[in-house]
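This report looks at how parts of one chain pack together, moving from a pair of helices to the nonpolar core and then to a single residue in a loop. Please keep the structure in view while reading.

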Amino acid sequence: MLIGYDVDETLTQFVPDFLRWHNLKYNTCLELEDLNDFDMSKKLGCSRGECVERIFEFYDNPFMDKLLPVSGAVDAVAHLGLKHKGVAVTSRTKFLREITQNSIDKYFYNSVSGLYLTGEWTGNGGKTKAEICVELGVDVLVDDRPKYCYDVIERGIDAILFNLDGKYGWIESNVEMEGLYHAQNWNEIIDIVDKLDSD
């Protein structure tokens, strides 16, 4: 099988480090569990445009070079890589290719063989995640954002909606639809991929 992996909050943790930086820079006191919407601007107390500007400001910060993998991701992706191929499909903007590739090479170099950046969330992307997954022949997408899971399901690709320990408040865990699987840790992702592979 070909597995598509989202990057932020799936392979590497972006939001916790962004919030730590934001708390220091803007005198806020936010944690991952405080976010109940994918649009962080509401919790940051600013417009969506200002939120995007702050995220871009964080991109230029040394914190960005030190993002750690999500708990369990390194071992699980390596395990899955023994039998399956993996690619990273992220909505990060294209000027982050080098820093994203460096992170993947550092933690997932044997298991993730391609990197595709859409730039979707800033509104200046080209192809969508779903379009890229179709073109590549991805069998299952692992992502923390419901929209991207639903988009690939509409195109006949299975999706695993990842909600680490139930802490991602932007995910409605009670959504059920054909082709959608829920996982709260990487062991559950392994089990789901094994099941899909045996069907």
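## Where two helices meet

In this predicted model, A73, A76, V77, H79 and L80 of helix α4 are in contact with W186, I189, I190 and V193 of helix α8. Sorted by type, the residues of this contact are eight nonpolar and one polar, with no charged residue taking part.

Helix α4 covers residues 73-81 and helix α8 covers residues 186-198, and the two pack at an angle of about 15°, with their axes 9 Å apart. Because angles under 35 degrees count as roughly parallel, α4 and α8 are therefore described as roughly parallel to each other. The crossing that α4 and α8 make is right-handed.

## The nonpolar core

The largest nonpolar core of the model contains 67 residues, and those with the most contacts inside this core are Y5, F14, F18, F162, W186 and I189. The element that gives the most to this core is α8, which supplies six residues. Two of the names listed for the core, W186 and I189, also appear among the α8 residues that meet α4.

## A phenylalanine in a loop

F63 lies in the loop between α3, which spans 48-59, and α4. Its relative accessible area is 31%, and F63 is therefore partly exposed, since that class lies between the 20% limit for buried and the 50% limit for exposed residues.

When neighbours within four places in sequence are left aside, F63 is in contact with W21 and F58. The C-alpha atoms of F63 and L32, two residues that are 31 residues apart along the chain, are separated by 17 Å.

Terms used: Residues are numbered from 1 along each chain as its sequence is written. This is a predicted model: local features need pLDDT of at least 70, side-chain atom pairs count only at pLDDT 80 or more; totals for chains, interfaces and linings use all residues. Side-chain values use heavy atoms; hydrogens and water are left out. Axes are lines fitted to C-alpha atoms, for helices over the stretch in contact, and angles run from 0 to 180 degrees between N-to-C directions. Helices (H or I, at least four residues) and strands (E, at least two) are DSSP runs, numbered from the N terminus. Angles under 35 degrees count as roughly parallel, over 145 as roughly antiparallel, 65 to 115 as roughly perpendicular and the rest as oblique. A crossing is left-handed if the near helix is turned anticlockwise from the far one by less than a right angle, and right-handed if clockwise. Contact means heavy atoms within 4.5 Å. Ala, Val, Leu, Ile, Met, Phe, Trp, Tyr, Cys and Pro count as nonpolar, Asp, Glu, Lys and Arg as charged, and the others, Gly among them, as polar. A nonpolar core is a set of buried Ala, Val, Leu, Ile, Met, Phe, Trp, Tyr and Cys residues joined through side-chain atoms within 4.5 Å. Buried means under 20% relative accessible area, exposed over 50%, partly exposed in between (1.4 Å probe, protein chains only).
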